[in-house]
Amino acid sequence: MTAVLVLLLLCLVCGALLGYAAVRFRVEGNPIAEQINARLPQTQCGQCGYPGCRPYAEAIAAGDKINKCPPGGAATIQALAELLDLEPEPLDAAEGEKPPMVARIREAECIGCTKCLQACPVDAIVGAAKQMHTVIAAECTGCDLCVEPCPVDCIDMIPLAGSLQHWKWDLPLPPGRLIASDRERAA
Amino acid sequence: MSDVKLWDFHGGIHPPEHKALSNRTPIQPAPLPARLILPLGQHIGAPAQPIVAVGERVLKGQTIAAASGRVSVPLHAPTSGTVSFIGPQPYPHVSGMLAPAIVIDSDGLDAWAPLAPCADYRGLAPEVLLEKIRQAGISGLGGAGFPTAVKLAARPQGKIHTLIINGAECEPYITADDRLMRERAAELVAGIEILAWLIQPEQVLIGIEDNKPEAIAALQAALGERPFGLRVLPTKYPSGGEKQLVELLTGQQVPSGGLPTDVGMLCQNVGTCVAIHDAVLQGRPLVSRIVTLTGEALARPMNVEALLGTPIGELLAFAGLDEARMDRLIMGGPMMGFTLPSLEAPLIKTGNCLLAPTRSELPPPPPPLPCIRCGACADACPASLLPQQLHFFALGQEHEQLRAHNLFDCIECGACAYVCPSSLPLVQYYRAAKAEIRELEQKQHKAEHSRRRFELRQERLRKAEEQKEAERQARAEQAARAKALQTESAALPDRTAPLAAQPSLAAGLLEQQKKLRIEASMAQIALKKAEKQLAAHATPELEAQVAELRAAVEAAKKALEAVTAAAPPAVPASNDAALKKAKIELAIKRTELKKAEKAGADDAELTCLREALASAERALHAAEEASDKPAPQLIRTDKRPVDEKLRTLKTELAFARADLRKLERDEAADPPALESARTRLAEAERKLAEHQSE
């Protein structure tokens with residue numbers, strides 16, 4: 001009898017403690033969504049079907065798939081899989097992974113309608129009404145949200161030019177996994 | 001020298017030196033090329049910005065591109081000629097990519113621009129001296145190409161106590177520094193003196209490997225009695241690495257991820273010292289460098305002093321290149337150099353060696369085999385890393401582990417790959433992993449930056465939307481209030497009702513009044529109910545209750561009265577409806593008065609009406625004042641009563657004028673009639689004037 005009472009008391013005390021802690025140490029926002037958001041490429045392109053990276057992060061936190069981000073590609077999927085302890089899946093996109101792009105306005109054709117300015121999620125386009133617009137290439141995330149609203153179709157998405165600064169060594173092929181005839185070619 | 005203590009660093013290897021191939025002949029001047037390609041980024045840091053235009057004639061030593069930013073150096077024309085092109089040109093890089101460059105067509109004169117030599121640099125302020133070195137375009141000539149002035153100016157932790165001059169030249173094949181020390185020892189010592197004066201270190205140490213006895217002897221002779229410590233190092237690769245040299249000479253280790261300046265030391269290459277001597281004492285900017293041309297595919301391996309921008313093919317041709325025998329072309333040494341895809345790239349500031357080996361001399365590495373975990377690489381690593389672990393982590397792209405195992409302390413010396421029995425291209429793994437990590441970091445940085453920009457934009461849009469919403473709401477509220485007041489005044493049919501008499505009550509007061517009225521009527525109702533009950537069956541409790549209720553009704557009435565009194569009858573509300581109402585009131589009062597006057601009402605009634613009119617007028621004034629509108633411009637013209645005589649006179653005048661006009665218009669009118677009409681008009685005018693002046 002006393003044991004039951006003691007256990008009951010213990011349960012009540014622990015429950016009260018937990019209840020108090022839940023109220024007292026309540027975490028603002030969703031910390032998982034926050035961490036997921038930090039791993040997304042922040043292009044705000046909406047290709048995942050959500051209006052921006054944060055909504056997608058929240059959707060992932062609520063159980064959506066992690067392979068819907070074409071700009072992030074395999075690296076982002078890998079990072080998310082590690083964070084959430086999931087199996088990495090192949091990218092779920094028709095065109096597959098795209099190389100990093102940058103928008104460029106053919107300035108001679110720009111009519112200064114400011115539609116692309118309103119579409120750009122990171123304010124990477126400068127211009128004013130009836131004035132020519134131009135893209136700040138360093139700020140452009142290559143989301144191509146500005147292409148659609150342009151009434152004269154003067155915005156091109158061009159692949160980011162490879163430069164010496166961005167060149168990198170390739171990882172050598174793992175040894176011992178080649179048959180003898182291929183080794184010659186790999187060497 | 002043998003009495004001086006030297007330390008040792010971990011690992012290291014002893015590859016065949018092959019230095020005798022090129023160090024036997026003196027430094028030759030390379031032939032003047034017809035066309036020079038000068039890449040804008042020949043150093044670590046921001047590329048220089050061109051300051052010349054295509055077609056411009058330049059002199060040797062003239063600045064053709066200015067430094068952009070702090071970590072950058074300017075670029076000078078290596079010979080006189082004409083700028084023929086500015087744009088992408090071949091660059092000495094393993095990828096074979098093009099890089100922005102200035103192309104100069106040489107005019108063959110090699111005419112110098114006026115120079116500003118400075119014999120007494122000790123009279124200059126350190127900043128001025130540093131600026132001279134910076135403006136001479138000097139970046140480290142040992143291989144890395146870090147801007148020298150930046151290195152000299154950066155002292156993160158106070159003073160530099162040891163200046164180290166690097167003459168180790170540990171990599172096989174390369175003899176450029178060897179020949180330089182042999183032939184230009186005096187200039188080298190002068191350059192070291194400039195550095196020593198600039199930095200004021202406690203000691204200056206010069207490290208040379210013991211496989212260069214001629215250079216040691218020449219430098220010894222040039223040093224004389226100067227207090228610079230010449231240290232002869234045992235030959236071991238890579239003793240010329242900055243951190244390894246620091247450890248060899250002082251026994252101190254540079255902390256992981258740090259620089260020699262973190263332990264109060266500064267390293268400079270001997271070639272850089274000579275360039276500083278040239279820049280300060282002779283005023284000559286860096287336009288040429290000594291480069292070793294070596295390898296068995298060359299007929300005459302040697303060291304040349306070549307102008308920067310000289311195409312590599314021309315240099316090799318000068319050394320007698322047999323292209324058929326050359327297996328590949330390596331820029332730098334066999335350990336740390338890289339293969340060049342073409343001979344068109346130019347010589348740049350960091351190019352210390354061009355190696356053209358035959359296939360038998362440097363055979364291509366055999367296909368790699370799996371790691372057998374022998375540990376030879378760890379024994380050879382001069383940075384005390386674990387190369388095989390790093391290799392596995394690189395294969396698995398485990399970036400966290402790579403960092404934890406100090407990948408970024410790897411100097412890419414190639415000692416591990418040299419000793420690897422499985423011929424694993426270990427350095428390539430590290431280079432790829434480093435590049436990958438840096439790229440990810442950059443991406444992360446960019447994502448973070450974009451996120452911040454996106455959030456700021458969202459915030460801005462939200463604020464704009466909020467402001468719009470607030471404005472809209474304010475407008476809607478104003479409209480609603482105006483409408484409410486209008487309906488209120490329209491809904492009151494009886495002007496004489498107490499509430500209608502005070503339409504211009506302030507909103508707050510009105511509200512209070514309403515509330516009090518409701519309270520009062522509710523109290524009244526409660527009282528009546530209680531009274532009924534009392535009438536039905538009288539009990540003392542009910543009586544007391546009724547008394548209480550009565551008191552409450554009294555109190556409520558009093559409160560209502562007080563509030564009503566507090567609001568003066570003409571308390572204006574700032575709205576048009578009140579104003580309109582007051583005006584209507586006034587008009588009604590006025591017509592009432594007039595009616596009464598006409599009807600011949602008695603004096604008492606008239607005074608009463610007059611008073612009412614006056615009070616209505618006052619109410620209107622108050623309402624006018626209270627309303628935001630400016631008071632109407634009241635121009636009170638005192639109309640004099642028109643008497644009978646004046647009227648007749650004016651009529652007469654008008655008739656006379658009309659007659660005259662009529663006659664004047666009629667061309668057939670006879671003159672006497674016209675004349676008489678004029679006299680009549682004049683007469684009428686005179687009479688009127690007479691009457692008015694009376």
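**Exercise 1.** Place A:Asn37 in its secondary structure element, decide whether A:Asn37 is buried or exposed, and list the residues that A:Asn37 touches beyond four places in sequence.

*Solution.*
- Step 1. A:Asn37 sits in helix H2 of chain A, which spans residues 31-39. The model is a predicted one.
- Step 2. The relative accessibility of A:Asn37 is 2%. The cut-off for buried is under 20%. Therefore A:Asn37 counts as buried.
- Step 3. Leave out residues up to four places away in sequence; A:Asn37 then touches A:Gln42, A:Cys53, A:Arg54, A:Ala57 and B:Arg451. One of these contacts, B:Arg451, belongs to chain B.

**Exercise 2.** Work out the strand order of the four-stranded open sheet in chain B, and explain why S2 and S4 each have a side without a neighbour in the sheet.

*Solution.*
- Step 1. The order reads S2-S8-S7-S4, and the pairing is antiparallel.
- Step 2. Strand S2 (35-39) and strand S4 (57-58) of chain B are at the edges. Each has a single partner strand, so one side of each lacks a neighbour in the sheet.
- Step 3. Now take the pair S7 and S8 of chain B. Strand S7 covers residues 81-90 and strand S8 covers residues 98-106. Nine bridges join them in the antiparallel sense.
- Step 4. Check one bridge: B:Gln89 has B:Ala99 in S8(B) as its partner.

**Exercise 3.** Describe the interface of chain B and chain A by its contacts and its buried area.

*Solution.*
- Step 1. Count residues. Chain B brings 36 residues into contact with 34 residues of chain A.
- Step 2. Take the area. The two chains bury about 3,000 Å² between them, with 62% of it on carbon and sulfur atoms.
- Step 3. Find the leading residues in chain B. B:Arg453, B:Phe454 and B:Arg457 lose the most area to chain A, together 19% of what that side buries.

**Exercise 4.** Which salt bridge does B:Arg453 form with chain A, and which elements supply the side of chain B that touches chain A?

*Solution.*
- Step 1. Six salt bridges cross the interface of chain B and chain A.
- Step 2. B:Arg453 pairs with A:Glu139 in a salt bridge, with the closest N and O atoms 3.5 Å apart. The cut-off is within 4 Å.
- Step 3. At least two residues of this side of chain B come from each of S8, helix H10 (387-395) and helix H13 (426-490).
- Step 4. H13(B) gives the largest share, 20 residues.
- Step 5. Sort the side of chain B that touches chain A by class: 19 nonpolar, eight polar and nine charged residues.

Technical notes:
Residues are numbered from 1 along each chain as its sequence is written. Chains are lettered from A and ligands numbered from 1 in the order in which they are written. This is a predicted model: local features need pLDDT of at least 70, side-chain atom pairs count only at pLDDT 80 or more; totals for chains, interfaces and linings use all residues. Side-chain values use heavy atoms; hydrogens and water are left out. Buried means under 20% relative accessible area, exposed over 50%, partly exposed in between (1.4 Å probe, protein chains only). Contact means heavy atoms within 4.5 Å. Two strands pair if DSSP finds at least two bridges between them. Buried area is the accessible area (1.4 Å probe) that two parts lose on being put together, summed over both. A salt bridge is a side-chain nitrogen of Lys or Arg within 4 Å of a carboxyl oxygen of Asp or Glu. Ala, Val, Leu, Ile, Met, Phe, Trp, Tyr, Cys and Pro count as nonpolar, Asp, Glu, Lys and Arg as charged, and the others, Gly among them, as polar.
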